Each structure stands twice: as structure tokens, then as C-alpha cells.
Amino acid sequence: MDAGLKRELEAKVYAGERLTRSDGIALYESDDLTWLGRLAHHRRTELNGERVMFNVNRHLNLTNVCSASCAYCSFQRKPGEKDAYTMRIEEAVRKAKEMEDEQLTELHIVNGLHPTLPWRYYPKVLRELKAALPNVKLKCFTATEVQWFEKISGLSADEILDELMDAGLESLTGGGAEIFDWEVRQHIVDHACHWEDWSRIHALAHAKGMKTPATMLYGHIEEPRHRVDHVLRLRELQDETGGFAVFIPLRYQHDFVDSADGKIRNRIQARTTMASPAESLKTFAVSRLLFDNVPHVKNFWVMHGLSVAQLSLNFGVDDLDGSVVEYKITHDADSYGTPNTMHRDDLLNLIWDAGFQPVERDTRYNVVREYDRAPALASRRAEPQQVWA
Ligand code: SF4
């Protein structure tokens with residue numbers, strides 16, 4: 001990038017001016033990671049100071065049986081496959097109750113698009129979970145699943161959301177977004193929920209008072225211009241609804257041979273590489289700068305590793321998810337040694353060691369507890385610090 005354009009972009013960021021599509025593409029073309037981090041950190045600090053939010057949550061997948069076969073997915077199984085499973089309602093409640101330690105505040109539930117499970121199962125599970133764990137907020141279902149519920153129930157998304165909210169739904173999840181541009185989407189997504197339906201369902205949820213997350217799966221066959229397009233679509237919708245609480249760039253994961261059946265399920269693996277840590281930091285930074293009207297940018301550390309999670313706090317990220325147990329949708333694919341469990345104390349140390357102030361939040365980003373600011377790193381050099389993988 002030439003020095004003139006660099007100065008121009010920097011001036012826009014410091015003046016709080018909205019960045020354009022070509023600005024976003026130019027930022028991705030820059031190899032000056034320190035400069036990108038400085039710009040994103042300026043914006044992040046303006047919005048969120050030195051705070052890093054986290055929540056204490058657990059992930060639950062009711063079924064891995066799915067009618068679709070998305071090219072990047074290592075989670076889905078077909079009916080009758082050896083390790084296909086579907087939880088009975090009492091089993092889901094028992095599993096959730098087992099996870100009820102550490103003052104859990106949120107259950108995050110996403111599932112395959114089960115071909116024969118009736119619609120009634122889903123609100124019933126929510127009602128039973130809410131009865132068993134009344135203080136836990138239920139963040140459940142992607143827009144893709146809601147569109148699937150429309151298909152299997154004959155109801156509209158409006159009626160479906162009303163019933164799910166009545167059963168205890170607090171928020172949708174942000175999944176199913178992947179990359180919206182059809183040029184890429186047609187090669188990776190195998191279900192019928194694309195931008196038109198995804199945005200319709202989130203806008204409807206926002207109109208009903210929900211705050212929802214939005215995700216982006218990057219680092220596969222897309223190019224930076226597709227990431228820019230993805231964020232700008234969301235930014236435009238956010239201008240209309242104001243309902244997105246957080247943006248979550250998710251790093252596409254390679255699959256490895258499944259020890260259960262010797263299969264590799266990821267069909268785009270042969271022609272892809274995974275995004276490097278530098279590319280991930282750049283993606284966080286550019287996302288923070290472009291998506292100027294979303295309050296938070298989250299690092300779902302399971303997909304990035306803990307060291308990159310710490311670094312990303314200087315590249316626009318102000319939210320870490322979470323204290324995950326049994327994350328399966330992509331973690332089945334991970335053989336890099338990233339843990340899939342972190343407890344509250346682990347998260348606090350992770351944030352403190354990176355030099356930030358931890359704030360525990362709930363599903364709607366209300367503050368649950370503020371922690372002290374970290375002592376300056378210089379004064380802590382003598383202390384042993386955790387070395388993260
Ligand atoms: S990503 Fe979701 S919809 Fe696609 S195959 Fe996997 S479980 Fe099914």
C-alpha cells in the first residue's frame with residue numbers, strides 16, 4: 001500500500017469516518033500488521049476501553065444428524081451412521097444439569113437439520129431446560145435451523161420465534177452465515193438458508209427485542225473481497241435494526257481422519273489451507289474497523305488457540321467466548337492441541353496476562369461482574385505466568 005493511501009485511511013479511522021468497500025479491500029492488502037493492529041486497537045479502545053468481556057457458558061448439540069452436507073463440516077452424520085446421535089429430552093436436560101457448575105449463565109445450543117425430528121421437540125426441550133436451569137439463558141439455533149423449522153412445521157419464522165421465546169429462548173446464535181457472497185457460498189453451503197433468509201430471520205429476531213450475534217467463516221476458498229462484502233451486508237442491516245451485539249470471525253478448520261470411522265468429512269480440504277495467525281489477526285482488525293456499528297468483536301478461542309486469542313485483544317477483539325465444554329461443530333476437526341475447556345479462573349488469567357480488564361457478561365452483554373484491572377506487566381515480571389498453547 002502506498003504511503004498516501006495509508007495516511008488517508010489512518011486519517012479516516014482517527015476522524016471516525018465510515019470506511020468503504022475499497023477501503024476494506026485496501027486494508028486487507030496491507031502487510032503492515034502492526035499498523036492494522038494500532039488502528040483497530042484505537043477503535044476498540046474508543047468503544048470498549050481496556051475491558052475484555054467473557055461469559056461462562058456451555059455448548060450443547062442435541063443432534064449431529066443433518067440433512068445437509070456442508071463442505072467444511074466435520075460434525076454432521078447421516079441417519080444410521082455409527083456415531084450419529086439424537087438426545088432424548090430428558091438426556092439433554094441431564095447433560096445440561098451436569099454442566100451446571102461454576103455459576104453457568106448461558107447454554108449455547110446448535111444442531112444438525114434432523115430429517116425426522118418433529119418441530120415440537122425443540123420448544124419442548126427449551127421449556128424443560130428452562131425449568132431445570134431457571135437462571136441460565138438459552139442462546140439457541142442458527143437462522144438456518146429456524147428456516148428448517150419453517151419447512152418442517154409449516155409455521156412462519158414469526159410464529160416459530162414467538163413460540164421459542166415463550167419457551168425461554170433469549171437469543172439466536174450467529175451461525176449459518178459462513179460467507180454470504182454466492183460466488184463462494186454455492187461451493188461450501190449445502191442447506192437452503194442464504195443471505196435473504198438469514199438476514200430476514202435475524203431482522204425478525206431484532207424486531208422482537210433480541211440481540212443476536214453474527215459470524216463469518218473465513219480462511220477457506222474465499223478472498224478478502226468476500227470478507228469485506230460479508231461485513232458490509234451486516235453493517236447495512238445493523239444500520240436498520242441495531243440488533244447485532246457482536247461480530248465473530250470464525251477460522252475455517254481442516255479436518256483430520258476421524259478416529260471413529262477413518263473418514264475425512266471436509267470436502268474442501270484438498271484445495272484449502274487454514275488461515276495463519278497473522279491472517280486471523282488481520283481479519284479481526286479489518287472487521288473491527290469496517291463493522292463500525294457493532295459494539296463488540298469476539299474471538300471464539302477454540303478456533304484460534306489461546307495465544308492468538310490473547311494477541312487478538314490488541315487487534316480489535318474485546319470479547320472472548322467463553323468457558324466452552326464439548327464444542328463439536330468444528331472442534332472435531334482440531335488436532336492442534338487447543339483445549340476445548342476453560343474455566344472462569346483460566347479466562348481471568350488469560351485476560352490479565354494479556355494486560356486487559358476482565359468483565360463477566362451475560363447473553364445480552366449486561367455486566368455480571370467487573371474485575372480489577374490487571375497490575376502492570378512490568379510489576380509482574382517476577383511472577384510465574386501461564387504459558388498457553
Ligand atoms: S454446518 Fe450445520 S447445516 Fe451444514 S452440514 Fe454441518 S450441521 Fe448440517
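This report walks through one helix, two sheets and the cysteines of a predicted model.

## Before we start

Residues are counted from 1 along each chain, in the order the sequence is written. Because this is a predicted model, local features need a pLDDT of at least 70 and side-chain atom pairs count only at pLDDT 80 or more, while totals for chains, interfaces and linings use all residues; side-chain values use heavy atoms, with hydrogens and water left out.

A quick word on names: helices (H or I, at least four residues) and strands (E, at least two) are DSSP runs, numbered from the N terminus.

## Helix α3

Let's begin with α3, which covers residues 33-48 and has 16 residues. The expected span of a helix is 1.5 Å times one less than its number of residues. For α3 that gives 22 Å, and the end C-alpha atoms sit 21 Å apart, so the two values agree. Right after the helix comes G49, with a positive phi near 60 degrees.

Which residues of α3 are buried? They are W35, L36, G37, L39, A40, H41, R43, R44 and N48. (Buried means under 20% relative accessible area, exposed over 50%, and partly exposed in between, using a 1.4 Å probe and protein chains only.) These buried residues pack against three helices and two strands: α1 (3-15), α2 (21-29) and α11 (277-290), plus β1 (51-55) and β8 (296-300). Contact here means heavy atoms within 4.5 Å.

## The four-strand sheet

Next up is an open sheet with the order β2-β3-β4-β5 and parallel pairing. Its edge strands, β2 (57-60) and β5 (169-171), each pair on one side only. Neighbouring strands are turned by 35 degrees against each other on average, direction ignored. Two strands count as paired if DSSP finds at least two bridges between them.

Zoom in on β3 (residues 106-109). Four bridges join β3 to β2, with N57 partnering E106 and R58 partnering L107. On the other pairing, β3 and β4 (residues 137-140) run parallel over four bridges, and E106 has K137 as its partner in β4. To get from β3 to β4, the chain passes through helix α5 (residues 121-132), in a right-handed β-α-β crossover. Right-handed means that, with the strands pointing away from the viewer, the path from the first strand over the helix to the second runs clockwise.

Where do the residues of β3 point? E106 and H108 go one way, L107 and I109 go the other, and all are buried.

## The seven-strand sheet

The other open sheet has the order β6-β7-β8-β9-β1-β10-β11, this time with mixed pairing. Its edges are β6 (212-218) and β11 (367-370), each pairing on one side only. From one strand to the next, the twist averages 30 degrees. Inside the sheet, β7 (residues 244-251) and β8 run parallel, joined by two bridges, and V246 stands opposite H296 in β8.

Helix α9 (residues 195-207) packs on this sheet, touching β6 and β7, and its direction makes about 155 degrees with that of β6. Axes are lines fitted to C-alpha atoms, for helices over the stretch in contact, and angles run from 0 to 180 degrees between N-to-C directions.

## Cysteines

How many disulfides does the whole structure hold? A search finds zero, where a disulfide is a pair of cysteine sulfur atoms within 2.5 Å. C140 is buried, with a relative accessible area of 0%, and C193 is buried with 0% too.
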